[in-house]
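Let's take a walk through this one together, stopping at a few side chains along the way. Have your viewer ready.

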Amino acid sequence: MSSCSSRSLLLPASSLSPWPCYSPTILLRSFAVMNPEMKPVGVAVCRATAHEERWRNIDVIISDHLIKLAAAPPTPTTCTFTVQGYYVSADVFNNFKGKDGKFLEELQHDIRGLMALYEAAQLSFNGETIIDEAQDFSRLHLSAYLHQNQNLCCDEEAIRNTLRHPLHKTIPRLNSGKSWSYGDHLLKGSKVWEKSLRELVDMEFLSAKSLHQEELLQISKWWKDLGLGEKLPKARNQAVKWYTWSMASMNDPRLSFQRIQLTKPIAFIYLIDDIFDLYGTIHELTLFTQAINRWDDTAIDMLPEYMRMSYKALVDTTNEIAHNIHKKHGHNPINAIKATWASLCDAFLVEARWFARGELPTAEEYLKNGKVSTGMHVVLVHLFFLLGLGGGTDDDEIINLNHTSKLTSSIATILRLWDDLGSSKDEQQDGEDGSYITCYMKDEPNVTAEQARQHVVDMILHEWRNLNQECFRLNHFSAASFKRSSLNLARMIPLMYTYDENQRLPLLEEYIRSTLC
């Protein structure tokens with residue numbers, strides 16, 4: 001991109017940034033998506049180079065766009081994110097285009113710049129066609145570089161990591177090695193203080209690992225004391241997997257209480273899923289769903305023996321979590337939490353009746369119910385209250401639970417579709433299960449399996465853009481921790497549902513090894 005520096009928006013990589021290569025779009029949008037309480041006042045150039053004047057020109061371009069768009073209203077084609085009250089248009093990507101409206105072909109030789117362009121495109125909203133074009137352009141030329149295997153400025157592994165695990169959609173710890181290796185490639189031995197900083201990072205990492213191991217021990221003991229694993233031996237007994245959701249979601253060491261409490265409903269989501277999938281008859285499952293909707297001591301009497309223990313454990317654990325939230329934050333969210341468990345079991349029962357009758361719903365019906373049966377709304381409602389939100393009334397609360405409904409829907413949709421994309425059933429599963437792809441192919445008989453899978457991939461991309469937009473909409477300091485944790489749950493989904501040919505989860509195994517073992 002050196003031949004068109006006035007159009008370039010890509011900043012040079014910093015060896016110490018968690019973003020190995022990034023653009024102002026990434027910086028500005030990541031501030032608004034993940035850190036609305038922070039107030040960026042400009043784009044810092046992290047190291048002086050022979051191209052210092054080039055980066056000054058870039059700052060002028062960015063400032064010019066910010067000033068021009070300060071008073072501009074948002075439009076369907078505008079990238080409307082707030083940084084100190086400014087609307088910043090997606091049209092900044094026109095700086096990469098020539099007079100013919102196409103991206104400049106000479107940009108293909110700046111591999112680092114293409115990587116940054118690809119990363120920036122991950123923060124797009126629906127309707128931003130130019131950012132879609134930027135993503136396609138950068139992916140095309142990065143893939144071509146890998147295919148040609150030319151010895152350019154970036155190593156092959158860094159490019160593969162960017163394409164497979166873009167930073168915005170990848171859990172931070174999984175990408176930590178990517179950041180350091182990229183820094184090694186750029187600044188090998190050039191920073192005297194880099195060793196000290198690395199040692200500090202290693203110390204923090206080991207401290208966090210020790211804390212997580214202790215929390216996992218507490219969860220394992222809690223689950224063993226419940227005795228549900230012995231009572232229902234066919235159900236999944238995966239304390240590490242359950243805890244990993246919480247650990248990845250809330251990586252702040254100060255949130256130990258919240259991680260432990262959140263893991264408990266996650267464990268029950270898996271357990272109840274297995275009761276519906278592996279144990280219950282339709283009559284028994286109907287009784288169980290009715291009991292969950294009643295949520296009282298007398299409801300247990302109508303359940304078969306093997307369900308009673310699970311029902312009591314769920315009710316007691318949920319009441320205890322709500323009581324702990326009340327002690328910590330001053331309000332008791334039990335009614336909202338009970339409602340999520342009722343809706344989850346209602347959705348499980350709908351699926352059980354479909355499969356018992358051999359009925360294949362339409363793709364739309366399946367997905368509407370399937371978003372609920374993921375259990376993601378149960379997790380996010382618990383998360384919302386565990387982080388101290390929801391204490392006021394709808395009238396005086398800056399952010400209340402209703403404000404998060406679209407965010408919850410997007411994450412649940414991503415989970416459902418990723419799960420259905422998987423080529424394997426979950427480990428230790430022998431029961432019936434459905435698939436959006438199967439329902440979609442029934443609705444569209446002329447569509448091939450490959451076309452159906454691509455349709456699902458496109459739907460996931462669409463929901464990620466919705467999620468980006470919802471995170472900007474909830475742009476208030478009180479929502480910062482909740483948004484960050486919710487995004488991390490979305491980032492964990494590929495790790496939880498990407499199977500290899502041996503029906504294993506290699507990304508999840510890698511993540512667990514690095515954070516817990």
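**Rings, charges and a helix or two**

The structure holds 16 aromatic pairs, and keep in mind that we're looking at a predicted model here. Ring pairs join up Trp222, Trp223, Trp242, Phe268 and Tyr270 into a cluster. If you want to describe any such pair yourself, the numbers to pull out are the distance of the ring centres and the angle of the planes.

Rings also turn up with charges over them. Take lysine 234: it lies over the face of tyrosine 279, with 5.0 Å to the ring centre. Then there's lysine 328, whose charged end sits over the ring of phenylalanine 257, 5.2 Å from the centre of that ring.

Now hop over to helix α13, which spans residues 334-356 and includes glutamate 351. Which side chain of opposite charge is nearest to glutamate 351? That's arginine 416, 4.3 Å away. A salt bridge here needs a side-chain nitrogen within 4 Å of a carboxyl oxygen, so glutamate 351 has no salt bridge, even though it is buried. Arginine 416 still shows up among the residues that glutamate 351 touches, along with Asn369, Gly370 and Ser373, leaving aside residues up to four places away in sequence.

Last stop: arginine 484, which you'll find in helix α19, residues 480-497. Is it buried or exposed? Somewhere in between: arginine 484 counts as partly exposed because its relative accessibility is 27%. While you're there, look across to methionine 250, which is 234 residues from arginine 484 in sequence but 8.0 Å from it in space, C-alpha to C-alpha.

Notes
Residues numbered from 1 in each chain as written. Predicted model: local features only at pLDDT ≥ 70, side-chain atom pairs only at ≥ 80, totals over all residues. Heavy atoms only, no water. Helix = DSSP H or I, 4+ residues; strand = E, 2+ residues; numbered from the N terminus. Buried < 20%, exposed > 50% of the residue type's maximum accessible area, 1.4 Å probe, protein only. Lys, Arg positive; Asp, Glu negative; His and termini not counted. Contact = heavy atoms within 4.5 Å. Phe/Tyr/Trp six-rings, centres within 6.5 Å; stacked < 30°, edge-to-face > 60°. Lys NZ or Arg CZ within 6 Å of the ring centre and 35° of its normal.
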